[in-house]
Amino acid sequence: MKKDLYDYELIPDVDMPAEFVQRIKDYDELDDSSVDTNMARRQFLKLSGIAGGGLVLAFAMGGTPRAEAAHHGSKKGAAALNAYVQIKPDGTVVIAAKNPEVGQGVKTFLPMIIAEELEVPWESVSVIQSDIDEKRYGRQSAGGSQSTPRNWTPMREAGATARTMLVNAAAEKWGVNASQCRADQGQVINKSNGKTLGYGELASAAAKQAIPDPKSLSFKDRKDFKLLGKFVGGVDNHALVTGQPLFGIDTQLPGMLNAVSVKCPSIYGKVKRANLDEVKNLPGVVDAFVIEGNSVDGELKPGVAIVAKTTYQAFLAEKALQVSWDKSEASNESWGDFKEMAKEVTSKPGPASEETGNMAQAIADADQVVDSYYTYPFLSHSNLEPQNCAAWFRNGKMEIYAPTQTPQAIAGPVSKILGLKQEDVVIKQLRGGGGFGRRLINDWVCEAAAIAHKVDAPIKMTWNRETDMAHDFFRVGGFHNLKGTLDKQGRLTGLQDRTIVFTNKDNGRPVRGGGIRGGNIQAPEIPNVRMETHQVPLTIPCGWWRAPTSCSVAWVFQSFIHEMAEAAERDHLEFLLEQFGQPRHLGKKTARDFNTERAINVTKHVAEKANWGRKLKKGQGQGLSFYNSHLGYFAEVAEVTVDSSNRVKVDRVVASCDVGMLLNKSGGENQVEGSIVDAISTLAGQEITFEEGAVRESNFDDYPLLRMPSQPQIDIHWLTTDYAPTGLGEPAFPPAVAAVTNAIYNATGKRIHTMPISKEGFQIV
């Protein structure tokens, strides 16, 4: 049973796109010691010349090997776009970025891996966004902090293969053995006489070399890295700061019309009737019609579409639209009802979903028993760029221009909804202004396609902020009735969690991001653990939110462990380290299994960097927290000042981070800082509530983001280890909330049991 408790779950395997399900299964094959375990699954496909000479190198991940000659500008020239690496005769190096960019930096750091192994200076590299094509590029998606672990080895192979072929070409020209040559910053050097040949000079000759067996490749030693681990700005930074069009919402197509959609406030309500004729007569309005929907979760919702010449005219027409809604199949759920129900339900024993040891005996033998109740709300993703998508149905094909996290998951549902062949749905991926899990589900893309299918022109559909907030796939709220036991020595001997697990009405499985397991406690030394889960059906749609599950339960368990340390009158750092036990790797010792050594190291490190336990002024406090999620190990210390009116200033957050090798320091800092700011936003005042199935919050005035004056100083410390690099989009978030609330307790003596803290009379300033 204990094995199950600590078999860590990265993302619950619940109603996920097929590609995500497969990727989770693939995690078991990841070796966290180094790299190269997946080499045999990939085959290099192609070596081709381009116009005027040069080298084009491509490969597929998990695909069927193919080999065909292709020449740039020929009928088969499009195949050259398959390339990850192109080296032109003038020395220009072009690297394709294959995954969606939603602000996590993937468009920069994946090409950096290739450039490092290829041994070229970053200044000579040009990065292009690839097409969407699974046969050519393997899986293309952004989510779960998985882009790094999934692509680390394939990207290294791509760079090392091209480098090897360039070296072999140089050796052939010089008539020496390849071992007498080495690559260095865009050139090959003859070690015996110091002669050099640039990559541009070698590109055409390299194109004639045999593709090396992947098993024969040698990779650079990490100590020799010149690019990885350095501070490299994003490849889109200049375009971003100069306002150039990059995002989905920037899309412009010839003759494009603009569309909005209006859906029932009570989620899943349908249209009875609407004043469509009146709306069609409004200035600029081209058409207005009912969308029936297809009753499939995550696909096409029912509503009314309005198409106008400008987005502003469409928004004005939306205000004039009057709809009578059929709510017979709509949600009638209310947050207030759930809170009352949960308090009652979790006060009673429930079925044990997991248990190790004997919790009843632990309670009977305890010197002290502590009871506590924690609540956190539903949350919205609230991407700064609301959902939008351009679509154009022409010549029997549906062209889609979408800032999505799962572009390869679009063709299936769109073709089904419109009665098209999947190959007739063409996806163009665009940069997204934030993802955080919202753009894993393409309901809004289906909606844009359905509108475009009825309009003889390209359209761009844009949700306003209110629509975006009301029709999200929300981070699920939760309730935990906890009981902890201490012995006479102040050791934590047992932990019991009676909680609610919201389930889908259709299949009875936990909603997305709603599964809770014993492994979420992350304290393997507790001898007795009991998880009791009461299942409650839910209609409100839920989705993966930044650090799914971890983003909420880390606060619960890391707060409660601190609560137990206080009850035991022991130092929190000492008490937390005790829960990890001896340094060891649990479970199957794969990357996803808990490694207490890494947990201990980051926790001790952050305590040292934050000067843990130092004497503070009255009203000041320090709070500690740890969490392992999405393969990353993070410990954080927050420092706060609280005045007599419970106004909280988060002065500083210190983070110690172990994600194996850090690929890009710039991107890494960006993700850690963003995660901590997001975490403070959620604890400050964010809450999604609903009444009779309708969301009550509508914009940032009642769902506030953290403002710049409130941002704390954030000190980031990287523990570079020999483990394979992991993603950074999520793991810095989970420990941050508990670090702040533990600090508030340290400063005031008041424990925060309800999120956001505004519910308990505190205010972040």
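Trainee: Which residues of α16 meet residues of α17, and what makes these meetings contacts?

Mentor: This is a predicted model. In it, Leu573, Leu576, Leu577 and Phe580 of α16 meet Thr596, Ala599, Ile600, Thr603, Lys604 and Ala607 of α17. The word contact applies because heavy atoms lie within 4.5 Å.

Trainee: Why is α16 called roughly antiparallel to α17?

Mentor: Helix α16 covers residues 572-580 and helix α17 residues 596-609; they pack at an angle of about 170°, with their axes 9 Å apart. Angles over 145 degrees count as roughly antiparallel, and α16 is therefore described in that way relative to α17.

Trainee: Why is α18 said to be largely enclosed by the rest of the structure?

Mentor: A residue is buried when its relative accessible area is under 20%. In α18, 14 of the 20 residues are buried, and the helix is therefore largely enclosed.

Trainee: How do you know what span is expected for α18?

Mentor: The expectation is 1.5 Å times one less than the number of residues. For α18, residues 665-684, this is 28 Å, and the distance from the first C-alpha to the last is close to it, at 28 Å.

Trainee: Which atoms come together at the start of α18, and what makes them a polar contact?

Mentor: A side-chain oxygen of Asn664 reaches to within 3.1 Å of the backbone nitrogen of Ser666. The cut-off for such a pair of N or O atoms is 3.5 Å, and the contact at the start of α18 meets it.

Trainee: In the open sheet β6-β7-β8, what makes β6 and β8 the edge strands?

Mentor: The sheet has 3 strands in that order, and the pairing is antiparallel. Strands β6 (181-184) and β8 (196-198) each pair on one side only. Neighbouring strands of this sheet are turned by 25° against each other on average, direction ignored.

Trainee: How do you know that β6 and β7 are paired?

Mentor: Pairing requires at least two bridges. Strand β6 and strand β7 (residues 187-190) have 4 bridges, in the antiparallel sense. One bridge partnership is that of Cys181 with Asn190 in β7.

Trainee: Which strands does helix α5 touch as it packs on the sheet?

Mentor: Helix α5 (residues 147-174) touches β6, β7 and β8, and its direction makes about 45° with that of β7. Helix α6 (residues 199-206) also packs on the sheet, touching β6, β7 and β8; its direction makes about 75° with that of β8. Angles of 65 to 115 degrees count as roughly perpendicular, and α6 at about 75° to β8 belongs in that class.

Trainee: What is the order of strands in the open sheet of 5 strands, and what is its pairing called?

Mentor: The order is β14-β22-β21-β20-β15, and the pairing is mixed. Its edge strands, β14 (352-356) and β15 (368-376), each pair on one side only. The twist averages 15° from one strand to the next.

Trainee: How many bridges join β21 to β22?

Mentor: Strand β21 (residues 492-504) and strand β22 (residues 528-538) run parallel and are joined by 11 bridges. The requirement for pairing is at least two. Thr503 stands opposite Pro537 in β22.

Trainee: Where is Ala366, and which residues does Ala366 touch?

Mentor: Ala366 is in the loop between α11 (359-365) and β15. Leaving aside residues up to four places away in sequence, Ala366 touches Thr485 and Leu486. The C-alpha atoms of Ala366 and Thr493 are separated by 7.8 Å, although these residues are 127 residues apart along the chain.

How values were computed. Residues are numbered from 1 along each chain as its sequence is written. This is a predicted model: local features need pLDDT of at least 70, side-chain atom pairs count only at pLDDT 80 or more; totals for chains, interfaces and linings use all residues. Side-chain values use heavy atoms; hydrogens and water are left out. Helices (H or I, at least four residues) and strands (E, at least two) are DSSP runs, numbered from the N terminus. Buried means under 20% relative accessible area, exposed over 50%, partly exposed in between (1.4 Å probe, protein chains only). A polar contact is a pair of N or O atoms within 3.5 Å; within protein, one must be able to donate a hydrogen and the other to accept it, and residues adjacent in sequence count only if both atoms are side-chain atoms. Axes are lines fitted to C-alpha atoms, for helices over the stretch in contact, and angles run from 0 to 180 degrees between N-to-C directions. Angles under 35 degrees count as roughly parallel, over 145 as roughly antiparallel, 65 to 115 as roughly perpendicular and the rest as oblique.
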